[in-house]
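Visitor: Hi! Could you walk me through this structure? I'm new to this, so plain words please.
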Amino acid sequence: MGFSKLSEFDGQPRPELATGELHGGGHYNPNQPRVPAGHHDGGQWTPMALAASAGSDDGRVLSDASADNNWKLWAQYAAGGNEPNRQHRKGVEAAKQIYLRDGYSVVVSSAVAVDVPGFETPRFYDFIVQDPKTKEVIGVEVKTTFFDTIRLNSDQVAKDVAVVQGGARARVLDYEISGVSYITYCNGCAAVDVRTAVLRAALVTARIPFRHGTKPGETLP
Amino acid sequence: MFDEPSLTKALAEIGYRRVKEHVYRAEWSSDDVEHFIYLQLYGYPLDVVASDFLTAHFGIRNKDAQLFAVQSLKTYGSKSAQLIRHDDTDCPMRFELGRLAGDWGLLDSFALSQVSGFTVASKVRDTIKYKVFPAVRHVVNVNRLLAFLLADAEPCPWIRCNGALRAGMIVDLAHRLGMEQGVIEEALKPYLERIGMELRRAPNPDPQFYVRRIIEDSFNEGLARNDRS
């Protein structure tokens with residue numbers, strides 16, 4: 001049995017992809033409420049506020065006072081309520097739409113475990129996209145918060161840096177992941193404060209970009 | 001709440017049998033082509049075991065071709081290719097059911113607290129029956145699998161799979177079906193860019209080099225093929 005007609009196996013033409021930039025903006029607003037001290041955000045709908053081009057990258061320690069009208073929501077989050085999950089998913093979906101709008105291909109649209117060389121446990125990203133220009137496959141971390149402070153996770157950051165430096169492997173599809181990107185959403189704040197400065201600096205050094213949206217669902221510029 | 005009994009029952013109606021936790025194999029699979037459904041539960045934070053949301057994939061494979069492809073990528077690919085690990089039921093040619101359905105909810109997933117187990121099971125079953133089957137149900141022999149992998153169409157476009165692994169499977173299947181080396185290389189030409197994406201950090205990132213080498217390996221019973229035994 002053999003094949004001689006190549007035309008049987010020709011693929012369909014691939015769609016042309018537009019290109020786009022994914023670099024965030026924003027600035028630190030000292031009047032925004034903050035998350036209570038000692039909270040571990042771990043990538044949830046947690047305190048956040050932007051970083052990248054912000055001006056908040058000076059490592060200053062901010063007040064832990066929280067606005068009264070946010071306590072109810074915060075208490076629900078602390079108690080494991082459903083609202084934070086819902087808001088986080090909205091943020092992830094909004095982030096996905098932004099990447100699509102900017103010409104990226106969404107390779108995997110939901111949570112993905114990624115094995116990183118040198119680490120025993122996987123790094124999880126909210127979804128995976130492919131850059132239309134560089135063809136790089138990128139794990140996207142979406143950080144959402146009711147307030148304006150993002151607390152980076154040192155384990156996640158260490159893995160992110162390793163991904164960018166040496167590549168990693170998605171368990172679903174066996175894709176090589178070689179880039180990482182963060183998108184942050186808060187509950188209306190103009191900017192987020194990313195902590196700690198040391199972890200943030202590690203991401204900046206690894207050229208891992210941040211974008212910031214003030215609310216899940218909004219369209220970023 | 002995750003209602004696996006309802007899902008197991010619904011999937012049985014269309015010929016899938018549970019082989020292990022969250023993995024179902026089509027009973028109408030042949031020795032040549034196996035079909036799978038994979039369920040994935042998650043919650044937030046993502047690194048904590050949770051079952052707040054459910055997403056699912058369908059997968060298709062020829063076991064030998066897959067082994068050849070994985071071994072080829074481990075041989076010629078980047079360092080991270082060594083991390084690929086497969087068990088008896090894995091397959092890299094898998095695609096998201098929720099994306100195909102379009103009505104599962106945010107992130108192509110079900111929020112399990114908001115829909116009944118029966119509804120989830122019915123929707124998963126119907127997505128497979130009406131969206132997946134028209135595209136893959138007929139793929140039960142090596143000939144059809146080769147044609148399927150060589151096409152670049154929904155629901156399984158090249159852009160949403162590992163191109164180097166897909167190329168490896170194509171090479172193995174095409175060789176077994178008697179295609180000549182030049183014909184195989186020609187068939188993969190339209191996909192060199194896609195194949196190359198996976199080789200960006202390989203010692204030699206040239207996709208044409210990769211394709212030629214794995215074709216040679218396949219025909220010469222070379223390193224990759226020998227290593228599978």
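Visitor: Which residue is the bridge partner of V114(A) in strand 7 of chain A?
Guide: That partner is A170(A). The two strands involved, strand 2 (residues 112-115) and strand 7 of chain A, run antiparallel and are joined by two bridges. Keep in mind that this is a predicted model.

Visitor: What order do the strands take in that open sheet of chain A?
Guide: The order is 3-2-7-8, so to speak, with four strands and antiparallel pairing.

Visitor: And which strands stand at the edges?
Guide: Strand 3 (123-125) and strand 8 (176-177) of chain A do. Each has a single partner strand, so one side of each is left without a neighbour in the sheet.

Visitor: What holds paired strands to each other in general?
Guide: Strands of a sheet pair through backbone hydrogen bonds, and they can be parallel or antiparallel.

Visitor: OK, zooming out. How many helices and strands does chain A have?
Guide: Chain A has four helices and eleven strands. Of its 221 residues, 52% are buried. If you take the contacts in chain A with a separation of 6 or more, 78% are between residues 24 or more positions apart.

Visitor: Which residues touch the most other members of the largest nonpolar core?
Guide: They are V112(A), F127(A), I128(A), V129(A), V140(A), A170(A) and I170(B), in a core of 121 residues. Helix 6 (residues 163-176) of chain B gives the largest share of this core, with eight residues. You met A170(A) earlier, as the bridge partner of V114(A).

Visitor: What is V140(A) in contact with, beyond its close neighbours in sequence?
Guide: Leaving aside neighbours within four places in sequence, V140(A) is in contact with A95(A), Y125(A), D126(A), F127(A), I128(A), V129(A), S181(A) and I183(A). Among these, F127(A), I128(A) and V129(A) also appear in the list of core residues that touch the most other members.

Visitor: New topic: how many residues does each chain bring to the contact between A and B?
Guide: Chain A brings 39 residues and chain B brings 45 residues. On the chain A side, helix 2 gives the most, with six residues. By class, that side has 13 nonpolar, 15 polar and eleven charged residues.

Visitor: Now chain B. How many bridges join strand 1 to strand 2 there?
Guide: Four bridges join strand 1 (residues 16-20) of chain B to strand 2 of chain B, and the two run antiparallel. R18(B) stands opposite Y24(B) in strand 2. This hairpin has two residues between the strands, and H22(B) takes a positive phi near 70 degrees.

Visitor: Does the pattern carry on, I mean, how many bridges join strand 2 to strand 3 of chain B?
Guide: Three bridges join them, and they run antiparallel. Here R25(B) stands opposite F36(B) in strand 3 of chain B.

Visitor: Where is D31(B)?
Guide: D31(B) is in the loop between strand 2 (23-26) and strand 3 (34-42) of chain B.

Visitor: Buried or exposed, and why?
Guide: D31(B) counts as exposed because it has 10 C-beta neighbours inside 10 Å, and the cut-off for exposed is 12 or fewer. The C-alpha atoms of D31(B) and N62(B) are separated by 8.1 Å, with the two residues 31 apart along the chain.

Visitor: Last one: what are the confidence scores?
Guide: The model scores ipTM 0.84 and pTM 0.77. Chain B averages a pLDDT of 91, and 96% of the residues score at least 70.

Notes
Residues are numbered from 1 along each chain as its sequence is written. Chains are lettered from A and ligands numbered from 1 in the order in which they are written. This is a predicted model: local features need pLDDT of at least 70, side-chain atom pairs count only at pLDDT 80 or more; totals for chains, interfaces and linings use all residues. A nonpolar core is a set of buried Ala, Val, Leu, Ile, Met, Phe, Trp, Tyr and Cys residues joined through C-beta atoms within 7 Å. A residue is buried if 20 or more other C-beta atoms lie within 10 Å of its own, exposed if 12 or fewer, and partly exposed in between; C-beta atoms are placed from the backbone. Two residues are in contact if their C-beta atoms, placed from the backbone, lie within 7 Å. Ala, Val, Leu, Ile, Met, Phe, Trp, Tyr, Cys and Pro count as nonpolar, Asp, Glu, Lys and Arg as charged, and the others, Gly among them, as polar. pLDDT is the predictor's confidence in each residue, from 0 to 100. Two strands pair if DSSP finds at least two bridges between them.
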